[in-house]
Each structure stands twice: as structure tokens, then as C-alpha cells.
Amino acid sequence: MAARHKPNRRRPLVRGGLAAGLALAAAGGTLPFLLSDAHAETPSLTVPAPDRFQPVANPVYGAGPGGVVERAEVKDQSALGYYRWTPDGGAPVDLPASSPSDDINSIDGGGGSHVSVTSGDVVAIYDFPNRVRLMDMKSGTTTQYTLPDGHFYRGVFGSAVLTATRDANGDKNVLHVLRMADGQLTDTLVTGLNGWVAEDGMTLGGDDRSVAIWYAHPDGTRGVGLLDLATAEVTPVFQGATGANAQVEFSDAYVAWYSPDGGNTTARVLPRATPEAAETRLELGPDDAGTPQLGLVGDWLLTTRQLTPGAGDFLVREGAPLTALPIAGGEPRTLLEHAGRRMAQVPGGGVAVTGGASSGDWAVRRVSVGDDGAPVLRTVREVAPKEGRLTRLSLTAGHLVTAESDTTYLPALFHRRITLGATPSVGDRSLLARPDARTTGEAAQRVYDSRQPVGTGDGRTVVATTDADGAQVLVVLAVDGTRTVVPAVDPQSGEKMPTGSDHVSAVRSASGRYVVFGDSGRGLEDRQYVVDLDASGGPKVVRVRQGQGGLAVWGTTLWMPSDSDDGTLQAVDLKTGATTATDPITDNGCLPQQLQTSGPWVYWDCYPSGSVSSGHGVYNTQTRQSSWAPRGTLGDGYVVAYDGDRGRLDLTPIGDAPRTIEAFTSQYAYPIVEADRFGGAVAYAKEKSAQITVVDSGVATSPVAGIESRVDGSVDLGSATDAVWDAHWQLSKPVVDAQMTVRNKTGRTVFEGSAEEYAAAVSLTWDGRTDDGRYVNDGTYTWELTGTPADGSGADLTVTGTVAFSGSHVH
């Protein structure tokens, strides 16, 4: 007997009509959809979109005591928006500065703007080639400079503008401090260079008192000089420090320098009052942890890091920690688990940074010094997370499975429990499957990316994907976390499914223990594999079909095109091998390249990628009648289809007129839509949204029935290895209050108990003991399984049979 699937006593997808909708509206939930005809309102449920794993990019480029300069990630893409000033506790104000296409705030403008804050709440904006604006964000006043001819911008520091002009050799090595006084621009020449200044990246940082200049002397020595803006004199510091990608940060008490040049991992810190004093060196850690960004708060050096994923590394990172190192020595402290790679030094003290524990905890924060001298954090403004990306969804017997590409560090599958009816609800979102964080290689990391999960109706989920070698496989995910991989291999020849762009595997159909996966069935070389999930020894391929034609399975019946070109289908019993044929059902004898099945319905489509309105329809296996249906997704008694011309999602009851589930206000490129084949619900998500709507179809479902079973016909109660009666039934839809009754040959009840319900399956294990604790006598007993349809539609379930017990004398 195959392993049991996890029981769940919660009730699935109980449906209701107008009363249910009114109850939901009164509770403040989502209002039901109104179908386009006179049918009653049907219950619906909104499943909120999960957060993206990666926090929203919100780098800070400068900060004053009362606000920050930042750029926020725009809503619909990963690019950054324009610069803006956001006052603490206030609304953002757009700045008149052009935004680069990336996160670089180039000091020479880069053809755009350079934005900085080095004094109070004054934002400095440089626009290439010669315009400088100083915007006082408190007073609202603006001072504007036009650089003199021949002057090249090197930064704004307080009210001073640093520029460079060309020397006698034509190099931009002569520095000037420009200020506006009484409406006139003054120009003070910088002295004390004692050599010449390198042109590229000469300005390393500064505030309203000093500017750090990288210099290179003709004798080959290099270092950093501090330009005193009051005297326009440069004093050499940090002898031997290089300038490649260097940064210098200033606080009232310290000056700190760091450059990653040559693999350097050490920061150098000087007291600002006595820069000639001996420097302090702080080890920042290995360079493979990312390039550090510095900040200064009190007697602490802060670091964040710019993480650079390696080649083939698809992990989405949340950001490196914000760490505080005591300048006087001691153990570092982690202030934030994750932080953006930019920090902004606040003139007068403190640092502004964006970070948090996760995307849901992301915020602009200020770091200052507490009463004990240690850094403390203050949240200024929360940064709302970005909606994650949904790529596929599956709804089966009330179990919603979603394929999400960026809501965790690698693409993964998640599970939720859906209930409609008088009190619609969605259960907790739980992780169903995800590659390990240490997994390497694109195939292994993307195993669930954009892959369609399909529920089997008994709680399991199957996904067709590729293994590490690129071979097509079926991944079987049980509710207890068990993961089984079934290769796409012909059991007779051992030949694997071909690979390449012409052979993309997908799950084509699933029902309980049987799954069809493989090619689409549109090509002569296409192959489709039938898997028995509960075969002896574990899941395995039991049948292969090559060539054109779709396959679909319901219960134990495999539907497939007949071998003759007459528009008929054949039904194969996968347990007995018996084959029966239908009457012609397709137009002009065309070959169905796609089949779907649910309950008594078989949907066929000869041209699934075509745009013609013919060549597809629905066949009723009970009445043996064919009828037209739109090209779409089959449910129990209806087809759901998106009308791209009208921008609406329609539900067409078989044999009836279509009803509109939702008319979209703008044109969408085909929403993600799935119908619950083991129930009456439809789930869909609009384009570029991970929010899911689940709506009752409003169509009465078929009567509940057992469509496959594995029931022991005999039990040896004296067995040392298997002395219990195991029984499992796959149903056409979920039931509640499933009860098992066992009677002896006289009709007396010897056992009565509840069966375990999960999805559209029912299981029972009985050890043969009667209510008084004694074992039943040897003999044949009659059992009866009953249950009430969870959706309230149709008659109760009744299934009967017999079981023979022996070996009771052992006890």
C-alpha cells in the first residue's frame, strides 16, 4: 500500500450564493463578482500579493539634519527614479536634477547632474557643463552659480564651489574656491599642493570645512591632502594612500579614508583636530565580502558593502549588514542585518542609510550617538516592499500552489489553502519547494522558475522541469515535504526524452496517482509520458506515446486520439489496459493536439495555438454528446477563456452563454488563469500582478464520485509486517464528514469511524479492532464509505465493497 497523504480536517472550497456574498461584504472582505447574466452573486476571495524578497532600492545620496536626498526604485521596473528631497516626516519633493541610468552620482555630472548635501539642509545640484544651484530646503531659497569660462566642476562644499582650471601643460590641476558674496563671485586660488593634483577623481569627499584631495607628486609619492576651505590651503595627510575608487568621510571628530585598490582591506582614521597625529588602522574584513562604504558616528566607523554577485550567481541578495567598528578598538556591532550600499554623512553628525531585517522591514534610518556613546538607530520613514512576481498558479481541490520567481532567494513554489462560501478565507502561505541556497548552476537554481505546478487532487503537486544535466524530469512534491524525481525515460527502450528548444516538457494532465508530462503533442517526434505515482517501488513511467496528439487523464482513464484519422478518441483503463473508442467528436476528423478532462467532460483542441474559432469543443462522456466551447481552460461543467479583443475574462457554462468574470480597465496580455478541475472555483492573476482572485464558477459541479481507489481486499491480522487494512479513494471533488462503516455478514456494525480527508482524497487505516477493543473474527465483511460534498452540490458519496480478515486467532 502506498504511503498515506497528510490528512486535513479543514473544509475545502465550500461554496454559496447571494447570502455568502452578502456575509463577506458585511465582514469587510472582497465583494463578489457579478456575472453578466441574471445569476446570483457568487463568492470571491482576494489573495494578497507576497512581498518581493529583495528590498526596494532606495539609495541615499546626501543627508541634512532634516531630510535626505534619495532615489526610489520605480514601481514597474528595477530602474531608479529621479532625485528627490524627503524631509523627515514629510512628503518627497522632486529635485530639478537629471537621474543617471544607474546608481552612479558622478561628480562631473556624467552628462547629467551631481547632487550632494554638505551643509545643513542645503542641496547642491551641478548640471553639466557649468550650472550650480544651492537649494535651501528649509527656506525654499535658491542660489545659482554659473562657473566662469575654463573652470571645471569639482564639488560643492557648504557655500563654496571647488573648481579646476588647466595648468601650463594643459592639465586640470589648478584648484579654485568660488563663493558668492553680495551678488559677486569671488575666486580664491588653492595653495600648498607642493606638486600637482591628479585629474581623475581628485575630489574624494568633504563637508563645509574641508575637502579631501588626492594628489600625486612629481617624485612619485601619492597621498591625500586636506583642503581647508577657510584658508584655501592643502595639508598632506594619509601619506602613500592611493586614490583609485577611494572615499574620505568627515565627522566633527574624525577623517576616515578607504580605497579597495590592490586588494586593500584596511581603513585609516585620523583625529580631525590634529591630522598630523598618528593614524588608526581598522581592518574591514576580506574583500570578497564586498566593497565597503564608510560612515562616521561618534567614536565609531560604520560600514556597509556593495555586493557583487559572481558569474552564474542567481541569488537575490538583501544587502550586506550595517556594521559599527569602535575606532579605539574592540568588537564590531551589527546595527542592521541588511543595508543599502550607500550611506550619507549628515553635516554636523550622524549618518543616514536605508536598511532593515528584510524587505518588509525596510526603512530610511538615521544613526546617531546614544547616551552611552554607542550608535543608536532611529527610523525616519518606512520603505514599502515591492510586490513579488507570480509566474504560474495551480488550484486543485482548494489547494492553491504558486510559482514565484523573486519572493525568496531563488524561484520557489508556495502553498495556500482556499475556502469559499459564507466565510471565504485563505490559509497561511507556506513554502512547498525551493532549491537550497548553496545550489549552484542555472538549471538547478531555476528548477521551479516559470514552471507550471499541477495538483493531482490528492494533495500532491507535480512539476515538469530539467535536472542538473538538462534532462527532462517530473518532480513530485508530497505535502509532507517528500520530493521524488521521475526521469522522462521510455521504460521499454531506456531512451530519454530529446532536449532542445523543440522539446519543452510540461505537465499535460494529472489525476490522483496518474500524471501525463512531456512534449505538447504537436510534432511527429513529440513524446508524452504517463507516470504512476503509486507504482510498486515508487513513481515510474508506465506508458509512452510518440507523435502528434494530446493526452489527458481522469481517475484511471487515459484519453488519447485514436489511431485512425476519423475524429474519435480512445479511453484506456490504466489499471486493466482495456480500451474503448468514442463516436467521432472533432470537426472534419481533425486530430486533437490538446486534451483536458474534468469529471464527465473531455475538452479537445486540434489547433491550440491557432486563432480560428473552430477546431475545439467539449465532449460529454456520459451523454456521448459534443458541443462547442471557447478555446480556454476546462473546469467541471464550464470553460474559462480570456477575450483579448474585449479585455475581459469570460466563463462559459457548457451549453450556455458566456458570463464575464471581470472586465479589465486596460488591455492585458492574457492573465494567468486556472480552473479547479476537482471543484467549482477559478483562480486568476492579472498581468504584472501577483495578487490572485479566486471566484466561484456559479456552475453546479458534477456529483461526487470515486474515480480511483487502492483498497486492500484481504488482511492477515496475524502478519508481523502488515496487519492493518489500508484504503485510499481518489474522489472527483472534496467531501466532508467522511465516515467508514464495517458490517459483518449479519449486518451488524463492527466498526464505525471517521476517514481522513485531504484535498479530493479520503484515506483510512484500520487495525481490525472493534469498538470493545477485540479483533474481528475471521471472515468477509462489508464496508461502506460515505461523505457529504464539500461544495454542497449533488448527492452524498456512497462507496461500498468487501474485505476478508484472517489471522484473528493469533490475538
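Two strands are taken to pair if DSSP finds at least two bridges between them. In the predicted model described here, strand 1 and strand 58 (residues 692-696) meet this criterion, since four bridges join the two in an antiparallel arrangement. One of the facing positions along this pairing is occupied by Val47, which stands opposite Ile692 of strand 58. The two strands belong to an open sheet of four strands, ordered 1-58-57-56 and paired in the antiparallel sense. Strand 1 (44-47) and strand 56 (672-675) occupy the edges; each has a single partner strand, so one side of each is left without a neighbour in the sheet. From one strand to the next, the twist averages 15°.

A further open sheet of four strands follows the order 19-20-21-22, again with antiparallel pairing. Its edges are formed by strand 19 (247-250) and strand 22 (280-283), each of which pairs on one side only. Neighbouring strands of this sheet are turned against each other by 20° on average, direction ignored. Strand 21 (residues 266-271) is joined to strand 22 by four bridges, and the two run antiparallel. Within this pairing, Arg268 has Arg281 of strand 22 as its bridge partner. Arg268 also takes part in a contact with an aromatic side chain: Arg268 lies over the face of Trp257, at 5.4 Å from the ring centre. A second arrangement of this kind involves Arg429, which is placed over the face of Phe414 at 3.8 Å from the ring centre.

Antiparallel pairing is also found between strand 29 (residues 363-369) and strand 30 (residues 375-382), which are connected over seven bridges. Ser368 stands opposite Val376 of strand 30. Strand 29 and strand 30 form a hairpin with five residues between the strands, and in this hairpin Gly373 adopts a positive phi near 85°.

Positive phi values occur in residues other than glycine as well. Ala397 has a phi near 55° and is located in the loop between strand 31 (390-396) and strand 32 (399-404). The relative accessible area of Ala397 is 0%, so this residue is classed as buried. For Ala759, phi is likewise positive, near 55°. This alanine is situated in the loop between strand 64 (756-758) and strand 65 (761-766). Ala759 has a relative accessibility of 7% and therefore counts as buried, the limit for this class being under 20% relative accessible area. A backbone feature of another kind is present at Pro129, where the peptide bond from Phe128 is cis, with omega near 10°. Pro129 is placed in the loop between strand 7 (122-127) and strand 8 (131-136).

A search of the whole structure finds one disulfide. This link is formed by Cys590 and Cys606, with their sulfur atoms 2.0 Å apart; the limit applied to such a pair is within 2.5 Å. The angle about the S-S bond is 70°, and the link of Cys590 and Cys606 is right-handed. Cys590 lies in the loop between strand 47 (579-581) and strand 48 (594-598), whereas Cys606 lies in the loop between strand 49 (601-605) and strand 50 (616-620), so the disulfide ties together parts that are 16 residues apart in sequence. Both cysteines, Cys590 and Cys606, are buried.

Aromatic side chains form 12 pairs in the structure. In one of these, the ring centres of Trp725 and Trp783 are 6.1 Å apart and the ring planes stand at 45°, so the pair is tilted. This assignment follows because planes under 30 degrees apart count as stacked, those over 60 as edge-to-face and the rest as tilted. Trp725 belongs to strand 61 (residues 725-731) and Trp783 to strand 66 (residues 779-789), so the pair ties together parts that are 58 residues apart in sequence. Trp725 and Trp783 are both buried. Elsewhere, ring pairs link Phe751, Trp766, Tyr781 and Phe805 into a cluster.

Note on methods. Residues numbered from 1 in each chain as written. Predicted model: local features only at pLDDT ≥ 70, side-chain atom pairs only at ≥ 80, totals over all residues. Heavy atoms only, no water. Axes fitted to C-alpha atoms, helices over the stretch in contact; angles between N-to-C directions. Buried < 20%, exposed > 50% of the residue type's maximum accessible area, 1.4 Å probe, protein only. Phe/Tyr/Trp six-rings, centres within 6.5 Å; stacked < 30°, edge-to-face > 60°. Lys NZ or Arg CZ within 6 Å of the ring centre and 35° of its normal.
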